[in-house]
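Here are some short exercises to work through with the model open beside you. Try each task before you read its solution.

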Amino acid sequence: MLNIAIVGPGLVGGALIEQLAAHAQSPRFARLPISVVGLINSRKMALSNTAFTAADLTQWQSTLLGDSAQPADLSRFADTLAGIECGATAIVDCTSSDAIAALYPSWLTRGLHVVTPNKKAFSGNMSLFREIEKLSSSPIGPSVYHEATVGAGLPVLSTLNDLVRTGDRIVKIEGIFSGTLSYLFNNFSAPGATQRFSACVAVAKENGYTEPDPRDDLNGMDVARKVTILGRVAGLDIGTDTLPVENIVPEPLRDVSTAEEFMARLPEYDEHFSQLNKEALQAGSVLRYVGFVDGVKGQSSVKLARYPLDHPFASLKGSDNIIAFTTERFPNPLIIQGAGAGAAVTAFGIFSDLIKIAERFGSGLADPKC
């Protein structure tokens, strides 16, 4: 049996709860019993000695974290989870908090597994990354899975781990890692496209593809964090503080006070982006915003680059991600492509990691205490 508790059940956490509730009512549950026993947000928490029912999970916001829920206390929450004797227990961190990520070592030390889409622990301070790596390295001890930190539900990190563990040599990893920037440049930079760059950003924002402030996408830092994670998993000493990152927000707009002002002034720079696009198209290429992990020379980067029209990156549609692994065994790149953002697919990535833990550590079902 695998008990799970979710920290920060918002959009992604809610989608995960929905998938777990469906699992609890399916024939698969008998073979892989995965039960939700705890939920906590910034204000309230709910804990149970037994699994929450499917009915509770269906209305978790009102029934479990409603007015009658306990005040949030993350320390007591973790204490209670660490005391569960039946089966293995995992905490799912669905926040994007540095402070929560810093707690992973304490959770691991107490025997709790960690699954998360939160990139902060794996792309931030190298000492925290190394400590988490060390504490989760035992084949019989607590584990950490973070597939959803890169590519949401796409099997990006699991593929990279398999390549590394089997002794393949990583030459380079190249990809379009941002669904937002994928959508923008797939629509802006393509033969026959006529929409101005600012209009593309406006449509993307209106459709919910961007952060509330699109500069948080256009500055490249989200891609930089994903490149850092991939580089570290590949064995490179890499960090966002040393990684060259091309910020495509026009410099005069980087410090304007609001997203509204940024959007209002962005059309002033349409000619700049149109010229870049024109030059690319004249060369038989398109513009794509990419992350690059260099496994040979260590010259990893994040930048706006040109790709010829017959390149796989040039034919990408919608907001898909695409990642190409070039290795000693795969000189013709191994390519993974698909939806790299969205609550349902991110929750799928988390759920897949939970299944891995349940299969490795969930033998407590046969324990008399269960």
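**Exercise 1.** Find the place of valine 12, and decide how its accessibility should be classed.

*Solution.* Start with the secondary structure: valine 12 sits in helix α1. Next, take its relative accessibility, which is 22% in this predicted model. Buried would require under 20%, so valine 12 counts as partly exposed.

**Exercise 2.** Leaving aside neighbours within four places in sequence, which residues is valine 12 in contact with?

*Solution.* With those neighbours set aside, the contacts of valine 12 are Cys94, Ala343, Thr346, Ala347 and Ile350.

**Exercise 3.** Locate the UniProt "binding site" annotation, then work out which of its residues help line the largest pocket.

*Solution.* First, the unreviewed UniProt entry places this annotation on Gly8, Pro9, Gly10, Leu11, Val12 and Gly13. From this set, the pocket lining takes in Gly8, Gly10, Leu11, Val12 and Gly13. Now look at glycine 10: its loop runs between β1 (2-7) and α1 (11-24). Glycine 10 counts as partly exposed because its relative accessibility is 40%.

**Exercise 4.** Explore the largest nonpolar core: which members touch the most others, and which helix gives the largest share?

*Solution.* The core has 67 residues, and Tyr104, Trp107, Phe185, Leu230 and Ile248 touch the most other members. Helix α14 (residues 221-233) supplies the largest share, 6 residues. Then follow isoleucine 248: beyond its neighbours within four places in sequence, its contacts include Leu181, Phe185, Phe197 and Tyr289. Finally, look for a second, separate core of 32 residues, with Phe52, Leu64, Ala88 and Val115 among them.

Key:
Residues are numbered from 1 along each chain as its sequence is written. This is a predicted model: local features need pLDDT of at least 70, side-chain atom pairs count only at pLDDT 80 or more; totals for chains, interfaces and linings use all residues. Side-chain values use heavy atoms; hydrogens and water are left out. UniProt positions are given in the numbering used here, feature names are shortened, and annotations may be inferred rather than shown by experiment. On a 1 Å grid over the protein atoms alone, a cavity is a set of points where a 1.4 Å probe fits but cannot get out, and a pocket is an open set with protein on both sides within 12 Å along at least five of seven lines; lining residues have an atom within 4 Å of a point. Helices (H or I, at least four residues) and strands (E, at least two) are DSSP runs, numbered from the N terminus. Buried means under 20% relative accessible area, exposed over 50%, partly exposed in between (1.4 Å probe, protein chains only). Contact means heavy atoms within 4.5 Å. A nonpolar core is a set of buried Ala, Val, Leu, Ile, Met, Phe, Trp, Tyr and Cys residues joined through side-chain atoms within 4.5 Å.
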